[in-house]
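Subject: Structure handover

Hello,

Here is the structure I promised to pass on. Please open it first, then read the notes below it.

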Amino acid sequence: GPRQPILSSKNFTDLVRESAERNTSGTTLYRLGYARYEFLVTGGLTAATLLAERCVATHASPLLLNKPIPIDVTSVAGIVKLSITTDPSHLLGFLITAAEAAREANAATMLYDSRMKLVHERSFKILNSIKLALASKDQLHLVFQPRVRVSDGAIIGAEALLRWSHPELGNLPPAEFIPIAEQTSFMSLITDWVVEKNGLRQIATWQRCFRPFKLSINISAMDLCRLDFVERVVVSLARHGVPPSAIELEITEGALVQSPEAASTALDQLRNAGISVAIDDFGSGFSNLAQLHRFPVDVLKIDRTLISSILASEQDALIVRSAIEFAHALGYTVVAEGVEDQTLYAVLEQSLCDEIQGYYVSRPMTAEAFEKWIRQHSACRLREQEG
Ligand code: C2E
Ligand code: MG
Ligand code: MG
């Protein structure tokens, strides 16, 4: 698959099919995921490697796809040698592991071998424990990180972030288990747990004490492709007695451009339902404001990696300033993520950034700690205003 999933699946399918047709005769192409394909090659390792290398090479130059903006794609291939002892139920996992190993090593192709097994076994274990975690009472919980308005320090809302304390593996960071879950349909179960079971329940409670207040919830590319996703959220909002204006959904730019048709449909439905949408992690990879303005979103969250480099890099500071300016011209609210200190806060204030999220304001907190924090914070602000 491409490193940045930025093609519609149709374009990608056409592309891979074309390359497959060019390189093989009589090889069937199986689709494993959004941008994951599998070939069965007879003729041994040499034939397989040759085919894989040719496929990868066809994506070496930027794609044009009838658009003026060239799109860079990095594709990699994992190879698994099949034998009579290969357990077919492990094949997909082996392929994914080998492809990920190729990506990590910056290699075009990689042959699966048992040394990769450790990594693979951990992912496998994580995948296999998701269902149990979702059903358990104490493995998963949400923490909340406040988002503050720069102009007056008001608390605009909070982002809900998932935590998993795994009975064997300990505390698993979402950066590890979410990408694993995203390769399967477990991701939609996780989203439903976060949104319907927990996020909305929490905001229903908080609405009564802190208002106006918005809870921001992360969703994944796969959710946008679920035909009933928006409807489920709307039904769930009604069930919890929460107005749509009390939540915001965060979607990474990768997810938007990965399947633009599905994303456009879902974003229109969300807008009609009165639910606002934020683009998450802007500037963390391939970023294209010119392309993003096509999507009806409300908020642009600039990624920590870009934000944290603005003090050191003149150029990154310029990128952030122009992104803020451009986003404002498009009517977006701009949030800086991962602001860790006062200096950065001051620079962002000068750059007219609207809102801040980061350790400088607060680390993510449990629901109880968050309630305490918000009371203290409001009391401080009142005293400041009086004094
Ligand atoms: P994200 O949505 O960009 O969330 C912000 C991440 O930055 C969080 O990491 C947060 O703890 C961290 N962070 C906030 N301020 C600072 C700071 O000042 N310094 C540093 N170093 N880090 C800061 P976390 O909670 O580990 O989550 C990582 C990612 O996992 C999230 O990035 C999001 O993409 C994903 N994720 C977390 N919870 C969920 C969820 O419920 N659903 C989905 N689909 N993804 C989630
Ligand atoms: Mg987020
Ligand atoms: Mg982010």
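A word on classes before the ligand: Ala, Val, Leu, Ile, Met, Phe, Trp, Tyr, Cys and Pro count as nonpolar, Asp, Glu, Lys and Arg as charged, and the others, Gly among them, as polar. By that scheme, the shell around ligand 1 holds 10 nonpolar, 4 polar and 8 charged residues. Please keep in mind that this is a predicted model.

**Ligand 1**

The shell around ligand 1 counts 22 residues. The closest are Glu-159, Arg-163, Asp-280, Glu-340 and Tyr-359. Which elements build the shell? β6, α5, α6 (186–209) and β10 (276–282) each give at least two residues. The largest share comes from β6, with 4 residues.

Three side chains make polar contacts with ligand 1 that you can look up. For Gln-145, a side-chain N or O atom is 3.0 Å from a nitrogen atom of the ligand. Asp-280 places a polar side-chain atom 2.8 Å from an oxygen atom of ligand 1. Arg-304 has a polar side-chain atom 3.2 Å from a nitrogen atom of ligand 1. Taken alone, ligand 1 exposes 800 Å², and the protein buries 83% of that.

**The magnesium ions**

Asp-280 turns up again here. What coordinates the magnesium ion (ligand 3)? The donors are Asp-280 (OD), Asp-281 (OD) and Glu-337, which is listed twice (OE and OE), at 2.0 to 2.4 Å. Along the sequence, these donor residues follow the spacing D-D-x55-E. The other magnesium ion (ligand 2) is 4.0 Å from ligand 3, and Asp-280 coordinates both.

Asp-281 sits in strand β10, while Glu-337 sits in the loop between β12 (333–336) and α14 (342–350), so the pair ties together parts that are 56 residues apart in sequence. Asp-281 is partly exposed, at 24% relative accessibility. Glu-337 is buried, at 11%.

**Salt bridges**

How many salt bridges are there in the whole structure? The search finds 13. Three pairs are worth a look, and a network follows.

Start with Arg-122 and Glu-176. Their side chains meet in a salt bridge of 2.6 Å, N to O. Arg-122 belongs to helix α4 (residues 117–135) and Glu-176 to helix α5 (residues 174–181), so the bridge ties together parts 54 residues apart in sequence. Both ends are partly exposed: Arg-122 has a relative accessible area of 33%, and Glu-176 has 22%.

Next, Lys-125 bridges to Glu-168, with the closest N and O atoms 2.9 Å apart. Lys-125 is in helix α4, and Glu-168 is in the loop between β6 (155–166) and β7 (170–172), 43 residues apart. Lys-125 is partly exposed, at 36%. Glu-168 is exposed, at 59% relative accessibility.

The third pair is Glu-355 and Arg-147. Their salt bridge is 2.8 Å, N to O. Glu-355 lies in strand β13 (residues 355–356) and Arg-147 in strand β5 (residues 140–149), so this bridge ties together parts 208 residues apart in sequence. Are these two buried or exposed? Glu-355 is buried, with a relative accessible area of 8%. Arg-147 is buried as well, at 6%. Both count as buried because the cut-off is under 20% relative accessible area.

Last, the network. Salt bridges link Asp-192, Glu-196, Asp-223, Arg-226 and Arg-232.

Best wishes

Notes:
Residues are numbered from 1 along each chain as its sequence is written. Chains are lettered from A and ligands numbered from 1 in the order in which they are written. This is a predicted model: local features need pLDDT of at least 70, side-chain atom pairs count only at pLDDT 80 or more; totals for chains, interfaces and linings use all residues. Side-chain values use heavy atoms; hydrogens and water are left out. A salt bridge is a side-chain nitrogen of Lys or Arg within 4 Å of a carboxyl oxygen of Asp or Glu. Buried means under 20% relative accessible area, exposed over 50%, partly exposed in between (1.4 Å probe, protein chains only). A residue is near a molecule or strand if one of its heavy atoms lies within 4 Å of it. A polar contact is a pair of N or O atoms within 3.5 Å; within protein, one must be able to donate a hydrogen and the other to accept it, and residues adjacent in sequence count only if both atoms are side-chain atoms. Accessible areas come from the Shrake-Rupley method with a 1.4 Å probe; for residues, only the protein chains shown count as cover. Donors are N, O and S atoms within 2.8 Å of the metal (3.2 Å for Na, K and Ca); water is not among the atoms, so sites may look incomplete.
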